[in-house]
Amino acid sequence: MQVKQYVTPPNLYINYQPPNLPQFTPREALRAGTLWKAFYDPYVSPYKQRE
């Protein structure tokens with residue numbers, strides 16, 4: 001049986017932006033694609049060979 005994997009973005013589980021969320025530095029935010037650490041979700045390709 002093949003295993004299926006589903007990825008959902010973290011913003012689905014946070015209804016509003018709470019005050020004082022931890023933030024990335026501007027340079028880190030450009031790399032992560034978001035300013036707030038709670039909304040960061042790194043992409044891992046399901047086709048990449050596992051080590």
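Trainee: How much area does the protein chain expose, and what share of it do carbon and sulfur atoms supply?
Mentor: In this predicted model, the protein chain exposes about 5500 Å². Carbon and sulfur atoms supply 53% of that area.

Trainee: What makes the protein chain more spread out than a compact globule?
Mentor: Start with the content: the protein chain has 1 helix and 0 strands. Its radius of gyration is 14 Å, while the globule rule gives 10 Å for 51 residues. The value is well over the rule, so the chain counts as more spread out than a compact globule. The C-alpha trace spans about 45 × 25 × 15 Å along its principal axes.

Trainee: What percentage of the residues is buried, and what part of the contacts comes from residues 24 or more positions apart?
Mentor: Buried residues make up 10% of the 51. Among contacts with a separation of 6 or more, 37% come from residues 24 or more positions apart.

Trainee: Take Thr-34, then. Why is Thr-34 called buried?
Mentor: Its relative accessible area is 16%. Buried means under 20%, so Thr-34 makes the cut. You'll find Thr-34 in the segment after α1, the helix that covers 26-32.

Trainee: Which residues is Thr-34 in contact with, leaving aside neighbours within four places in sequence?
Mentor: Phe-24, Ala-29, Phe-39 and Tyr-40. There's also a link to the backbone: the side chain of Thr-34 reaches the backbone nitrogen of Trp-36 at 3.5 Å.

Trainee: How many aromatic pairs are there by the ring rule?
Mentor: The count comes to 2 aromatic pairs.

Trainee: What makes the pair of Phe-24 and Tyr-40 edge-to-face?
Mentor: The ring centres are 5.7 Å apart, and a pair needs centres within 6.5 Å, so they qualify. The planes sit at 85°, and over 60 counts as edge-to-face, so that's the label. This pair links distant parts of the chain, with Phe-24 in the segment before α1, Tyr-40 in the segment after α1, and their positions 16 residues apart.

Trainee: How do you know whether Phe-24 and Tyr-40 are buried or exposed?
Mentor: Check each against the cut-offs. Phe-24 has 16% relative accessibility, under the 20% limit, so Phe-24 counts as buried. Tyr-40 has 37%, which falls between 20% and 50%, so Tyr-40 counts as partly exposed.

Trainee: What about Trp-36 and Phe-39: why is that pair edge-to-face?
Mentor: Same reasoning. The distance is 6.3 Å centre to centre, within the 6.5 Å limit, and the angle between the planes is 85°, over 60, so the pair is edge-to-face.

Trainee: Why is Trp-36 called partly exposed?
Mentor: Trp-36 has a relative accessible area of 24%. Being buried takes under 20% and being exposed takes over 50%, so Trp-36 lands in between. Trp-36 lies in the segment after α1.

Trainee: Where does Trp-36 make contact beyond four places in sequence?
Mentor: With Gln-17, Leu-21, Pro-22, Gln-23 and Phe-24. The C-alpha atoms of Trp-36 and Phe-24 are separated by 6.1 Å, though the two residues are 12 apart along the chain.

Trainee: What makes Asp-41 partly exposed?
Mentor: Its relative accessible area is 37%, between the 20% and 50% limits, so partly exposed is the verdict. Asp-41 lies in the segment after α1 and touches Val-7, Thr-8, Pro-9 and Pro-10, not counting residues up to four places away. From Asp-41 to Thr-25 the C-alpha distance is 16 Å.

Trainee: Is Pro-9, one of those, buried or partly exposed?
Mentor: Partly exposed: the value is 38%, again between 20% and 50%. Pro-9 is found in the segment before α1. The C-alpha atoms of Pro-9 and Pro-42 are separated by 9.7 Å, with the residues 33 apart along the chain.

Trainee: Why does Asn-20 count as exposed?
Mentor: Asn-20 reaches 79% relative accessibility, and over 50% is exposed, so that settles it. Asn-20 lies in the segment before α1. It also has a positive phi of about 60° although it is not a glycine.

Trainee: And how do you know that Arg-27 is exposed?
Mentor: Its relative accessible area is 67%, over the 50% cut-off, so exposed it is. Arg-27 lies in helix α1, and its C-alpha atom is separated from that of Tyr-47 by 29 Å.

Definitions and conventions: Residues are numbered from 1 along each chain as its sequence is written. This is a predicted model: local features need pLDDT of at least 70, side-chain atom pairs count only at pLDDT 80 or more; totals for chains, interfaces and linings use all residues. Side-chain values use heavy atoms; hydrogens and water are left out. Helices (H or I, at least four residues) and strands (E, at least two) are DSSP runs, numbered from the N terminus. Buried means under 20% relative accessible area, exposed over 50%, partly exposed in between (1.4 Å probe, protein chains only). A polar contact is a pair of N or O atoms within 3.5 Å; within protein, one must be able to donate a hydrogen and the other to accept it, and residues adjacent in sequence count only if both atoms are side-chain atoms. Contact means heavy atoms within 4.5 Å. Rings of Phe, Tyr and Trp (its six-membered ring) pair if their centres lie within 6.5 Å; planes under 30 degrees apart count as stacked, over 60 as edge-to-face and the rest as tilted. The radius of gyration is taken over C-alpha atoms; the globule rule is 2.2 Å times the number of residues to the power 0.38. Accessible areas come from the Shrake-Rupley method with a 1.4 Å probe; for residues, only the protein chains shown count as cover.
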